[in-house]
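Open the model in your viewer and keep the selection tool at hand. This tour has two stops, both pockets.

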Amino acid sequence: MAAKAPFAKMNGAGNEIIVADMRGRADRVSATAALALNASPSTRFDQIMAIHDARTPGTAYFIDILNSDGSPAQACGNGTRCVVQALAAETGQKTFTFETVAGILNAVEHENGLISVDMGRPRFDWQEIPLAEEFRDTRMIELQIGPIDDPVLHSPSVVSMGNPHAIFWVEQDVWSYELDRFGPMLENHPIFPERANITIAQVTSPASMVVRTWERGAGLTRACGSAACAAAVAGARTRRTGRSVVVRAPGGELQVEWREDDHVVLSGPAEWEFSGTFDPQTGVWVRDEESAA
């Protein structure tokens, strides 16, 4: 049996995260372990952020990301902030460069405790999102839920932040929509060959919006960093908002800035809950206090 690995249960603006320390190991967190951890009420999560030794010169670590259904994820801004807080507490370092399957991420912990992550450049081309068919203008695509003459949700903006997102703009309160019912259908719609994160967004001012997100591979979430970025970018792109937006999710507030150099910077909190050790193959885990006893 492989040696157990340390982990921290954390959250980023309510986005439930497990940060797994896989440094110095050749194995990975298995889908079986992810499903087992998510089945336990104490370790239920949206994403696992597994820290591995660096693969590319100039980066500190490689971050492998898993969703709660065991599937791989390309990007997780809230989870990256949790990784930064955990490593900053361990090392005293404040700036980090990570590698993920979606590319290189730079992050910094500020003196006030907030953490900023450069999420890179958004992608708008239908093939890069990706979509199953061509749409020349991805600020609005033909997709709806409900009757043709009176759809409940329709005409989303689509964008990739390293992972695919669809943002449905609504005038009513975001809680008035049954996202738990529509989310699975939209996530798995044939137009999204790699599935998609589904967000309902209500613009409340040129500098603020309220969102709820059905996260690909995780379901309803209290916050999704890449979805906040996608919604902010889509808001600016459709002239609903400016390029700097406060995004209010059920779990808390996130600040998103789409800079003039085309990079999207996500800022927000990270919170430590408890730590323990787990088996990366089976998901069997023990809380640190229990180990000490």
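Select H154, W169, V170, E171 and R240: of the 19 residues that line the largest pocket, these lie nearest its centre. A pocket here is an open set of points on a 1 Å grid over the protein atoms alone, where a 1.4 Å probe fits, with protein on both sides within 12 Å along at least five of seven lines; lining residues have an atom within 4 Å of a point. Next, colour β10 (153–154), β12 (164–169) and β13 (197–205), the elements that each give two or more residues to this lining. Strands are DSSP runs of E, at least two residues, and helices are runs of H or I, at least four, numbered from the N terminus.

This is a predicted model: local features need pLDDT of at least 70, side-chain atom pairs count only at pLDDT 80 or more, and totals for chains, interfaces and linings use all residues. Residues are numbered from 1 along each chain as its sequence is written, and side-chain values use heavy atoms, without hydrogens and water.

Stay on β13. This strand gives the largest share of the lining of the largest pocket, three residues.

Now move to the second largest pocket. Which residues are closest to its centre? Select A8, V19, D21, A86 and E90, out of 15 that line the second largest pocket. Then show β1 (5–12), β2 (15–21) and α2 (77–91), which each give two or more residues to this lining. Finish on α2: this helix gives the most to the lining of the second largest pocket, with five residues.
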